[in-house]
Amino acid sequence: DTGGAGRAIVLTHAWPLNADIWDYQSAALSNAGYRVISYDRRGFGRSGKPESGYSFDTFADDLAAVIDQTGVRDAAIAGYSMGGGEVVRYLTRHNSRHVGKAALVGGAAYYLLKTENNPIGAEANVFDGMKQGVQSDRKAFLTGLLRDVFFDAKRPSTVAVTPEVLETALGMAMQASVAATLGCIDAFSRTDFRSELA
């Protein structure tokens with residue numbers, strides 16, 4: 001929390017990272033006069049690491065607690081990737097309480113799993129493979145995943161990812177508990193936000 005006097009902006013992070021992924025944006029927004037609040041999702045970064053509770057209902061309730069504890073009103077909330085699902089679930093579960101604006105940044109807030117009524121989703125074995133990667137060699141798996149996330153093969157000349165950027169992101173990812181890393185794969189792959197987006 002930058003503690004600024006301007007309008008509050010609450011930032012939720014992507015899996016498997018933590019609030020530090022917002023550092024540059026937080027500094028820029030704070031310098032522009034906003035009060036910036038970014039927090040580590042349960043199980044990630046500096047937050048507590050319970051063995052359970054990795055569902056979007058719980059994440060939305062945690063976001064509500066952050067909003068209540070910081071006393072923000074008429075806030076803007078923004079979710080990056082998995083954080084987008086948190087934002088959508090907060091808006092529907094908590095009736096947009098104390099929120100005036102919302103943003104999804106590459107938001108994973110639809111339905112990722114391929115099913116009979118969702119033919120554009122990914123096969124279940126993709127997510128099972130992610131879980132297997134986390135369980136067998138988490139560091140190696142996350143290194144490859146983050147390299148893929150930060151590198152756009154379709155536009156290689158426009159994306160410059162240094163080894164230091166990957167190392168920083170991996171450091172964030174390794175702060176998460178295994179239970180949180182696995183539990184979130186189930187949450188983001190199997191939660192259907194389509195009706196909520198309407």
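Visitor: Where does L197 lie?

Guide: In this predicted model, L197 lies in helix α7, residues 194–197.

Visitor: Why is L197 called partly exposed?

Guide: Its relative accessible area is 44%. Buried means under 20%, and exposed means over 50%. The value for L197 falls in between, so L197 is partly exposed.

Visitor: Which residues form a nonpolar patch on the surface with L197?

Guide: L104 and Y110 join L197 in the patch. Together the three have about 280 Å² of accessible area. A residue in a patch needs over 30% relative accessible area. L197, at 44%, therefore meets that cut-off.

Visitor: What makes A187 count as buried?

Guide: A187 has 7% relative accessibility. The cut-off for buried is under 20%, so A187 counts as buried. A187 is found in helix α6, residues 178–190.

Visitor: How far is A187 from N118?

Guide: Their C-alpha atoms are separated by 16 Å. Along the chain, A187 and N118 are 69 residues apart.

Visitor: Which salt bridge does D186 form?

Guide: D186 pairs with R190. Their closest N and O atoms are 4.0 Å apart. The rule asks for a nitrogen of Lys or Arg within 4 Å of a carboxyl oxygen of Asp or Glu, so the pair counts.

Visitor: Why are D186 and R190 separated by about one helical turn?

Guide: Because they are 4 residues apart in helix α6. D186 is partly exposed at 29% relative accessibility. R190 is partly exposed too, at 43%.

Visitor: How do you know that R93 and D57 meet in a salt bridge?

Guide: The N to O distance between their side chains is 3.4 Å. That is within 4 Å, so the pair is a salt bridge. The two sit in distant parts of the chain, 36 residues apart. R93 is in helix α3, residues 82–93, and D57 is in helix α2, residues 56–70.

Visitor: What makes R93 count as partly exposed?

Guide: R93 has 38% relative accessibility. That is neither under 20% nor over 50%, so R93 is partly exposed. D57, at 30%, is partly exposed as well.

Visitor: What distance separates the closest N and O atoms of D192 and R194?

Guide: They are 2.7 Å apart. With a limit of 4 Å, D192 and R194 therefore form a salt bridge. D192 is partly exposed at 31% relative accessibility, and R194 at 30%.

Visitor: Which residues do salt bridges that share partners join into one network?

Guide: D57, D61, R89, R93 and E196. By the same rule, the count comes to 14 salt bridges.

Visitor: How much space lies in the largest pocket?

Guide: About 450 Å³. Its lining has 19 residues, and the closest to its centre are W15, S81, A108, V149 and F188. Helix α4, residues 124–150, gives the largest share of the lining, 6 residues. By class, the lining has 16 nonpolar, 3 polar and no charged residues.

Visitor: How much space lies in the second largest pocket?

Guide: About 380 Å³. Of the 14 residues that line it, I21, W22, Y24, Q25 and F150 are the closest to its centre. α1 (23–31) and α5 (163–174) each supply at least two lining residues. The largest share, 5 residues, comes from α5.

Visitor: How many residues of the lining of the second largest pocket are charged?

Guide: There are 3 charged residues, alongside 9 nonpolar and 2 polar.

Terms used: Residues numbered from 1 in each chain as written. Predicted model: local features only at pLDDT ≥ 70, side-chain atom pairs only at ≥ 80, totals over all residues. Heavy atoms only, no water. 1 Å grid on protein atoms, 1.4 Å probe; cavity = no way out; pocket = protein on both sides within 12 Å on 5 of 7 lines; lining within 4 Å. Points joined across faces, edges and corners; volume = space filled by probe spheres on them. Nonpolar A, V, L, I, M, F, W, Y, C, P; charged D, E, K, R; others polar. Patch = residues over 30% accessible without salt bridge, like charges linked within 9 Å, V, L, I, M, F, W, Y side chains within 5 Å. Areas by Shrake-Rupley, 256 points an atom, 1.4 Å probe, with all protein chains shown as cover. Buried < 20%, exposed > 50% of the residue type's maximum accessible area, 1.4 Å probe, protein only.
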